[in-house]
Amino acid sequence: MGEGTLSKAQEPAVRVSMFEGLRHRLPLETYVLALTVLVWILLAVFSQYFWTTGNITDILRQVSIDAILAFGSLFPIVLAGIDLSVGSVAGLAGVIFSMLIADAGQGILVALVVTVVAGLIIGMVNGWASERLGIPPFIVTLAGLQGYRGLALLLSGGLTIAGMPPGLQKFALSSVLHVPSLFLLMLAFGLAAHFLLAYTRTGRYMYAIGSNIESARRVGIRVTLVVIISYALASLYATISGLLLVARLSMGAPTAATGSELAAIAAAVVGGASLFGGRGTILGCFIGALLFTTIGNGANLLGVNSFWQMVIEGLLIAFVVYFDNLQKRRQAGLG
Amino acid sequence: MKKVLLIAAAALGCTVIGAQAGDFSKAKIDVIVKATTSQYWGTVFDGARQAAKDLGLSIATLGAPSELDVAQEVQILENATAAKPTGIVIAATNAQALAQPVDAATKAGIPVVVIDSDANTKNYVTFLATNNETGGQKAAIEMARCIKARTGGDTGKVAYLTALAGAQSLNDRDKGFVEQLKSYPGLSIVEHRVGNNEASRALSDSEDLLTAHPDLVGIFADNELEGDGAGTAVSEKGLGSKVCLVAFDTSDQEIKFVRSGIIDALIVQNPYMMGYAGVWYALAAAHGVVFPKYVDTGVSVVTKDNIDSPQMGGLLDPKKYVLSPFLGAQ
Amino acid sequence: MAPLLEVEGLVKSFGPVDVLHGVDLSLAAGEVLALVGDNGAGKSTLIKHVAGVYRPDAGEIRLEGQPVRVESPGQARALGIETVYQDLALADELSVGANIFLGREPVKHLFGFLPIIDNRRIRTETDALLARIESQIPPRARSVSRLSGGQRQAVSIARALYWRAKVVIMDEPTAALAVMEREHVIGLARRLASEGVGVIYIGHNLIEILEVADRVSVMYRGRIVHIAKAEETNQQELIKYMTGFTGK
């Protein structure tokens with residue numbers, strides 16, 4: 001195919017490139033968004049309660065915390081790494097935060113700062129260990145998945161921590177112009193992450209490292225620094241979602257966000273991120289998280305058996321990844 | 001009659017042990033629970049520690065962090081068996097999986113007291129537990145009572161939330177609830193959700209239930225994390241005076257919800273006593289005392305009206321508990 | 001005037017294995033110097049010193065007459081030495097423009113303080129650059145992974161050209177290419193030389209070498225054993241030196 005392109009005159013080549021451009025403007029996110037909209041329409045048809053202010057508000061609140069976790073886990077995925085510890089970090093952050101308030105009598109601000117710093121340190125250690133020590137990130141963060149959850153259980157003695165100031169839950173339930181504050185907060189964190197990935201050098205270097213770490217080194221990119229930043233961001237976002245869980249339930253639970261690292265990774269992958277690195281967008285993550293939340297909400301509204309719901313989610317992941325591969329193969333054949 | 005038998009057995013244990021009081025400093029009892037992560041099991045540990053203090057023996061408090069981790073509990077029990085403690089107190093996460101390891105421990109000459117959830121074997125000293133099915137039945141009775149008080153009638157839609165699939169004690173609670181509810185023909189179960197033992201999931205599920213069924217009059221949550229989540233949803237939606245919420249166990253959050261009228265009744269087990277009596281019974285068994293195969297530690301119902309009464313004080317706050325190995329005597 | 005690049009007395013051992021025994025080389029601006037030799041003759045080791053991957057045990061590298069220490073690939077780039085690798089050079093998932101500017105992105109300031117990549121400038125410069133080298137690369141291709149091997153080499157070469165590299169090392173640039181694409185890459189190598197760049201061209205195909213190079217140096221067992229002008233030598237002679245059958 002390449003030979004043919006080269007031997008052709010200039011004009012047809014340009015036409016080919018325009019055709020390619022069109023295909024490129026329809027990335028996986030588009031199809032997943034279409035699927036989400038389709039599910040919304042179906043639910044609106046089959047459940048009279050789906051398209052009500054109350055339910056939409058619930059969905060917006062439910063998706064917010066999951067989406068923030070998914071945003072964070074995207075950074076390492078872009079690097080061709082992975083962070084399995086985000087759920088445990090969220091749990092640990094919630095425990096540290098609520099214990100500082102309930103047991104140590106600290107104010108919200110102090111508790112917030114301490115927790116965020118702790119989260120950042122955890123992330124930097126993850127990044128440093130996987131890059132400098134050469135331990136695969138899967139292993140480093142698997143250790144974190146276990147270790148940080150253990151730490152959360154140890155600190156809390158395995159018990160839930162009540163006694164949060166009522167203002168915290170009031171914030172989690174508040175709305176600005178009928179849009180839940182949690183959702184607005186999620187949008188803000190999403191925009192910040194999108195800005196970083198799409199418009200800054202650091203973000204571009206994440207994609208470069210995920211595409212080809214060797215070439216990134218050869219053009220003089222400070223790979224270690226970028227890797228550490230990326231894992232630190234994953235932990236930071238996990239910490240934020242852990243804090244929001246505390247606010248939402250008005251309690252710290254050492255088991256909070258158990259298993260949600262996989263949901264976060266699934267949202268990113270369904271949203272078009274590649275576990276082989278170099279690909280993935282914040283918009284995609286959001287759509288992926290929204291699709292999973294919608295399915296959960298729909299299953300509850302329609303009374304679909306909880307176990308069927310899990311099967312459906314599994315099939316969805318398999319289908320989207322297969323579809324993505326199919327697309328790529330077809331494009332490679334054309335290209 | 002059963003009660004008499006219990007008291008007799010316990011008293012026998014008491015005399016045997018009493019005769020040798022002070023000799024137990026070398027005795028060591030391993031207490032293995034289903035999950036070290038819930039307040040409920042923390043209370044079991046507290047009871048066991050108190051017994052250890054009273055008897056002057058030492059205990060080890062063990063368990064996997066999650067109730068999902070059956071394999072780890074099996075491993076903990078096997079390791080404990082190998083170390084030959086004076087006795088073992090264990091709550092079986094899965095009746096089938098723990099059957100063989102409990103057999104093995106008994107065969108190795110270690111008295112095993114099973115608490116809270118049974119193992120599928122009879123080779124142990126005794127099974128010391130809440131009758132979960134009875135607890136479920138009580139939940140249904142409380143729900144019917146609450147609905148009657150609210151609406152003046154006995155009809156309406158009801159939903160229930162299971163914290164986790166495949167746990168025997170939860171299945172028993174649900175079974176008791178569902179069976180008992182059948183005696184109120186006006187009450188129909190319209191929905192059943194299974195969570196992953198996590199409060200935020202329980203919250204989302206409950207919110208959606210309340211959306212899908214605006215005419216829902218009752219929710220039953222079968223453990224404390226489900227109770228926390230369901231309570232948060234009912235309170236968020238301002239439905240405390242409309243929906244009858246009945247939940248199991250007593251987390252701090254649940255107690256707050258009872259006081260604020262969000263949760264109408266809590267079905268409270270006696271985990272403190274399970275831990276306390278478990279250690280007692282294990283030690284007594286090591287000295288040859290024989291116990292009946294099953295001892296019911298009972299369930300109580302906590303409502304806004306009785307939450308501050310002295311009888312409930314011990315259940316809600318173990319520090320106020322009047323201790324006695326004589327089960328059923330208090 | 002001093003030659004563009006000089007290598008003098010370069011010695012390198014890996015443990016007990018001596019790979020380079022005092023190599024001398026000189027490259028003029030605007031010249032394509034081919035480097036041939038059997039596998040293990042030391043070609044790759046030699047150029048990796050120039051590219052900043054290895055550091056010599058002894059010897060000197062001079063750029064425009066000045067001794068330089070090339071201690072990292074980044075430093076080599078800063079000095080104006082670019083390497084076009086067989087396949088390692090490009091970040092597959094990035095666009096053509098992002099690859100050309102990788103590590104040296106132009107930055108503008110949003111609201112006067114937020115540094116962001118100037119994507120518009122990257123696009124216009126890339127379009128102009130690709131037009132200049134008359135490449136058939138779709139300039140807006142979202143990721144270079146869709147490009148053919150020759151197109152990818154062209155992106156690497158365009159990158160060297162854009163950043164005004166003084167020395168470009170091409171390490172077997174045509175090894176994995178179809179015949180038509182070889183011609184294109186060879187054309188680009190000549191193009192670089194015509195713009196005043198010194199090109200070191202490593203290859204196995206002697207017909208191709210004689211077509212692209214001004215001079216050919218032959219390496220044999222860690223030494224340069226023969227240097228000749230392309231028009232004054234032929235395949236037989238080169239093979240004789242490459243295999244060591246020189247009658248000595």
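Here is a walk through this structure, from its chains to its sheets, cores and contacts.

The model is predicted, so let us begin with how the predictor rates the result. For the complex, the predictor gives an ipTM of 0.80 together with a pTM of 0.79. Chain C has a mean pLDDT of 86, with 96% of its residues at 70 or more. Within chain C, confidence is highest in S10(C), at 93, and lowest in helix H5 (residues 149-162), at a mean of 84.

Next, look at how the chains meet. Two pairs of chains are in contact, and chains A and C share the most contacts. Chain B and chain C, by contrast, have no contact with each other; their closest C-alpha atoms are 37 Å apart.

Chain C is a good place to look at a sheet. Six of its strands make an open sheet with mixed pairing, and the order to trace is S6-S9-S10-S3-S11-S12. At the edges you will find strand S6 (81-84) and strand S12 (223-229) of chain C, each of which pairs on one side only. From one strand to the next, the twist averages 20°. Inside this order, strand S3 (residues 32-37) and strand S10 (residues 198-202) of chain C run in the parallel sense and pair over four bridges. To find the register, start at C:Val32, whose bridge partner in S10(C) is C:Val199. Against the sheet packs helix H6 (residues 179-194) of chain C, which touches S3, S10 and strand S9 (167-171) of chain C. The direction of H6 makes about 155° with that of S10(C).

Stay with C:Val199 for a moment, and ask what C:Val199 touches beyond residues up to four places away in sequence. The list is C:Val32, C:Leu33, C:Val168, C:Met170, C:Ala189, C:Leu192 and C:Ala193. Two of these names, C:Val32 and C:Leu33, lie within the span of S3 (residues 32-37), while C:Ala189, C:Leu192 and C:Ala193 fall within that of H6 (residues 179-194). C:Val199 is also one of the residues with the most contacts inside the largest nonpolar core, alongside C:Ala189, C:Ile200 and C:Tyr201. That core has 214 residues, and its largest share, 18 residues, comes from helix H12 (residues 223-249) of chain A. A second, separate core has 54 residues, including B:Ala35, B:Ala91, B:Val114 and B:Met274.

Those names bring us to chain B. Its secondary structure comes to 11 helices and 12 strands, and 56% of its 330 residues are buried. Among contacts in chain B with a separation of 6 or more, 73% join residues 24 or more positions apart. For a local motif, turn to strand S1 (residues 28-33) and strand S2 (residues 58-63) of chain B, which pair in the parallel sense over six bridges. Here B:Asp30 stands opposite B:Ala60 in S2(B). Between the two strands the chain passes through helix H2 (residues 39-55) of chain B, making a right-handed β-α-β crossover.

Finally, H2(B) leads us to the contact between chains B and A. Chain B brings 29 residues to this contact and chain A brings 31. On the side of chain B that touches chain A, at least two residues each come from H2, strand S7 (187-194), helix H7 (199-212), helix H8 (224-236) and helix H9 (252-259) of chain B. H7(B) gives the most to that side, with 10 residues.

Notes
Residues are numbered from 1 along each chain as its sequence is written. Chains are lettered from A and ligands numbered from 1 in the order in which they are written. This is a predicted model: local features need pLDDT of at least 70, side-chain atom pairs count only at pLDDT 80 or more; totals for chains, interfaces and linings use all residues. Two strands pair if DSSP finds at least two bridges between them. Axes are lines fitted to C-alpha atoms, for helices over the stretch in contact, and angles run from 0 to 180 degrees between N-to-C directions. Two residues are in contact if their C-beta atoms, placed from the backbone, lie within 7 Å. A residue is buried if 20 or more other C-beta atoms lie within 10 Å of its own, exposed if 12 or fewer, and partly exposed in between; C-beta atoms are placed from the backbone. A crossover is right-handed if, with the strands pointing away from the viewer, the path from the first strand over the helix to the second runs clockwise. A nonpolar core is a set of buried Ala, Val, Leu, Ile, Met, Phe, Trp, Tyr and Cys residues joined through C-beta atoms within 7 Å. pLDDT is the predictor's confidence in each residue, from 0 to 100.
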